[in-house]
Amino acid sequence: MMNRLYNSLEPRVMDDDMLKLAVGEQGPQEEAGQLAKQEGILFKDVLSLQLDFQNILRIDNLWQFENLRKLQLDNNIIERIEGLENLTHLVWLDLSFNNIEAIEGLDTLVNLEDLSLFNNRISKIDSLDALVKLQVLSLGNNQISNMMNIIYLRRFKDLRALGLSGNPMAETEDYRMFIWAYLPDLVYLDSRRIDEHMKEQAEIKHQYSIDELKHRENLIRTRLEDEQSWQKKLEDHKAAFVEHLNGSFLFDSMYTEDVEGNKLACLPSVGELLEAYKDKFVIICLNIFEYGLKQHEKRKAELETFNECVHEAIQENQEQGKQRIAKFEEKHLLSLSAIRDESELTNVEMKIVEYSEDITELYNGLMTLEMQLVEQLELFVDKDTIVNAVGASHDIHLLKIDNREDELVTRINSWCTHLVDKIHKDEIIRNRKRVKEINQYIDHMQNELDNLDSSDIID
């Protein structure tokens, strides 16, 4: 086997030098490619990377390839699947002809469609749950023996091609019929198109077992959907800071470790009083719960309105900037033409000075617009105003249970603080990006002017 031949060579490390060399060799060779090599190629811009036959022992240093779509690591001596966490856009991955013993390290590759693990040392098919878009899976020439591994693959609804030849399981008598029956949406098995008639025969043969399996799958699916629905509601309640207030949870928690209270409940008539107290307590909790949900919806609406106002302000500001640039560029063409057509050196120098002043004026205008936007957004996110608005909703704290009330107030104030901080940080990032864009544009205009050679114009 090809990858075994590399064992006599020194194992190599996936370092920056190897990656730069691979990217450079696989990049475009025309003028644009040469220019990219001179200026340096950003790993984040690479979409395809080929690292086969490199005697690589360990996958590493790929975190910068955040937009990679295709990765070829076949014919190496890799022992573990790791270091792929940041490659969330990966669609095609080839790890064939390596020394991998277990499927792992693929939890973030949610866009992967084609995975090849051909010719490794894998004995079990698992840990592929995150690959919801998987269409092609190659696991031939491994050590998979248990046919029950096929059941695991039923969860991949888009799986159309499967390769398992060369495994011990492929030698069993019922190998093909079993797979055809339990994976009815499969189109290709071991590179051969599945005959529809044979698939029907396989389903008939295994019908009883499949019906039982479908029943169990439906029960599991229903339970999972119920759990997800409950979890979604809980997350909504947490977002409103009122989780577990829609029942007797808080009341019950008060008496869980209250030994003396439980003793008192055994006294004559106390039990009835306790039940009445519980009923009233739960009603108060429910009122707070409903009020909290309404306030949460109100906050969501206010935040949505706020975001719309910010978006409108930015759009209007950018539109004004575009109009100024368009007006400048219209004049810009005329100015450059006038400079080139001028025959008198004195007049050329005078026009260049005038044009340079126009560039400065454009810069000042764009930066003034940006400063106006920054000031406007600062008014939007005045911290004291928002905190006071949150404080005005303090009527929610009707429950006289200090710990729960303190938690409620703390979490509301924390949410408010984090929201304001995030808005400020987002605005700082936007402002820096905009200022950089303005400076780059102005520098480009100024360089174009500086590159005009007076003597060439006169000649």
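**Exercises: a sheet, a patch and a lysine**

At 43% relative accessibility, Glu 308 counts as partly exposed, since that label covers everything between buried (under 20% relative accessible area) and exposed (over 50%), with a 1.4 Å probe and protein chains only. The model is predicted: local features need pLDDT of at least 70, side-chain atom pairs count only at pLDDT 80 or more, and totals for chains, interfaces and linings use all residues. Numbering starts from 1 along each chain as its sequence is written, and side-chain values use heavy atoms, leaving out hydrogens and water.

**Exercise 1.** Find the helix that holds Glu 308, then the patch it joins.

*Solution.* Start with the helix: Glu 308 sits in α9, residues 270-341. Next, the patch: Glu 308 teams up with Glu 304, Glu 312 and Glu 316 to make a negative surface patch.

**Exercise 2.** Work out the strand order of the open sheet, and its edges.

*Solution.* Go strand by strand: the eight run β2-β4-β5-β6-β7-β8-β9-β10, with mixed pairing. The edges are β2 (48-50) and β10 (192-193), each pairing on one side only. Now zoom in on β7 (136-138) and β8 (161-163): they pair in the parallel sense over three bridges. For Ser 138, the bridge partner in β8 is Gly 163.

**Exercise 3.** Is Lys 205 buried or exposed?

*Solution.* First, place Lys 205 in helix α5, residues 196-205. Then check its relative accessibility: at 52%, Lys 205 counts as exposed. Last, look at Met 177: the two are 28 residues apart in sequence and 8.3 Å apart in space, C-alpha to C-alpha.

Key: Two strands pair if DSSP finds at least two bridges between them. Helices (H or I, at least four residues) and strands (E, at least two) are DSSP runs, numbered from the N terminus. Patches are made of residues with over 30% relative accessible area and no salt bridge: like charges are joined within 9 Å, nonpolar side chains (Val, Leu, Ile, Met, Phe, Trp, Tyr) within 5 Å. Accessible areas come from the Shrake-Rupley method with a 1.4 Å probe; for residues, only the protein chains shown count as cover. A salt bridge is a side-chain nitrogen of Lys or Arg within 4 Å of a carboxyl oxygen of Asp or Glu. Lys and Arg count as positive and Asp and Glu as negative; His and the chain ends are not counted. The place of a charge is taken as NZ of Lys, CZ of Arg, CG of Asp or CD of Glu.
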